[in-house]
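Open the model in your viewer and show the backbone as a cartoon. The tour starts with the whole chain and ends at a single helix.

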Amino acid sequence: MTLTVLFAASDANWQDYAAPLRAALADAGIDATLTREADPAGVDYIVYAPSSPVQDFAPFTRCKAVLSLWAGVERIVGNPTLTQPLCRMVDPALTEGMVEWVVGHALRHHLGMDRHIVNPGRVWDPTCPPLARERPVAMLGMGELGTACARALAALNFPVTGWSRTPKDVAGIPCLSGEAGLEQALCGAAIVVTLLPRTPETENTLDARRLALLPQGAVILNPGRGALIDDAALLAALDAGRVGHATLDVFRVEPLPQDHPFWTHPRVTVTPHIAADTRAPSASRVIVENIRRAEAGEPLLNRVDRQRGY
Ligand code: NDP
């Protein structure tokens, strides 16, 4: 029987994904029609992005899984009409991109590159940066992305401490959990990376009290979600010098409003939610592997736990 796969995402997503998804379905030997419109009662799988016109999943009575093109699922996970299994995106190319963004921005601050890139006064300042081994990093979130970034930074000799909801055993990287673990990780961190999902529990993970635990001048990199940080507390910590610089890729409102103080703060770098993008060729294979699994009666990969919210 021919499966019906509904592509419920934006026109731009369709431009990127139609051909790679069809190719991946063909490569996997799956007989399927990939379509942007279908009778909901006849749909077997939904490929979803937050831009989707589909917000009511109740009529999709035959649908066996909703397959997200995004790693972060906070905009769908609480949808009360969604009773079908939900899978988030874990894409090797997205992970690669995130590692590059995190390592690049960590090295920018570690090496003090700004002083030399913009130096209108032609100041000959031979101050050498410390070695990476002298610059502790706290990685908040040790999932797919956080663990890959932690390993990449540890390979450059940064002493990385991981922090996650449940305890982890990662070779060469001490991992903490719980409130005491978070406080311990922050107390020693010269660089903090936030790669947590947005859930009610992670909202304002970096609030005024926890920001005050950081050593003076610590750098924050946030490619996770804007809500992980209390904006006002961060601005106050930047003004006080507690935080030396914040490089932010994600915001509570996106695009970041023109009048938001992050745009003009001298010690904030704004990147426009480009830390890591899902890449259609590899992500299509991930989507199709889950369709293959569901049809073969095998467990789905990257299934979201509704209770946890990620
Ligand atoms: P994962 O689900 O693989 O990992 C999430 C990590 O966060 C896990 O280690 C988890 O702990 C931890 N965590 C969750 N809740 C808590 C909590 N309450 N306290 C402590 N730790 C917690 O997600 P990914 O690594 O794939 O992605 C992380 C986030 O990155 C996404 O949710 C998304 O928001 C963001 N992202 C941003 C992109 C960008 O371009 N800026 C691109 C892609 C993703 P545990 O291991 O114990 O479950």
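What share of the contacts in the chain with a separation of 6 or more comes from residues 24 or more positions apart? In this predicted model, such residues account for 64% of those contacts.

Keep the whole chain selected and colour by secondary structure. There are 8 helices and 12 strands. The radius of gyration is 21 Å, close to the 19 Å from the globule rule for 310 residues, so the chain is as compact as a globular protein of that length. Along the principal axes, the C-alpha atoms fill a box of roughly 70 × 40 × 35 Å.

Next, turn on the surface. The chain exposes about 14,700 Å², with 55% of it supplied by carbon and sulfur atoms. Of the 310 residues, 51% count as buried. Colour by charge: the mean positions of the 28 positive and 33 negative charges are 4 Å apart.

Now hide the surface and select residues 280-296, helix α8. Its end C-alpha atoms are 24 Å apart, which agrees with the 24 Å expected for 17 residues at 1.5 Å a residue.

Show the side chains of α8. Buried residues here include A280, A283, V286, I287, N290, I291 and R293. An α-helix has 3.6 residues a turn, so residues three or four places apart point the same way.

To see what covers the buried residues of α8, add the helices α1 (11-27) and α2 (92-111), which are among the covering elements. Then add the strands β1 (3-8), β3 (45-48), β4 (65-68) and β5 (86-87), also included in that cover.

Finish at G297, which follows α8 and has a positive phi, near 75°.

Methods
Residues are numbered from 1 along each chain as its sequence is written. This is a predicted model: local features need pLDDT of at least 70, side-chain atom pairs count only at pLDDT 80 or more; totals for chains, interfaces and linings use all residues. Side-chain values use heavy atoms; hydrogens and water are left out. Helices (H or I, at least four residues) and strands (E, at least two) are DSSP runs, numbered from the N terminus. The radius of gyration is taken over C-alpha atoms; the globule rule is 2.2 Å times the number of residues to the power 0.38. Buried means under 20% relative accessible area, exposed over 50%, partly exposed in between (1.4 Å probe, protein chains only). Contact means heavy atoms within 4.5 Å. Accessible areas come from the Shrake-Rupley method with a 1.4 Å probe; for residues, only the protein chains shown count as cover. Lys and Arg count as positive and Asp and Glu as negative; His and the chain ends are not counted. The place of a charge is taken as NZ of Lys, CZ of Arg, CG of Asp or CD of Glu. The expected span of a helix is 1.5 Å times one less than its number of residues.
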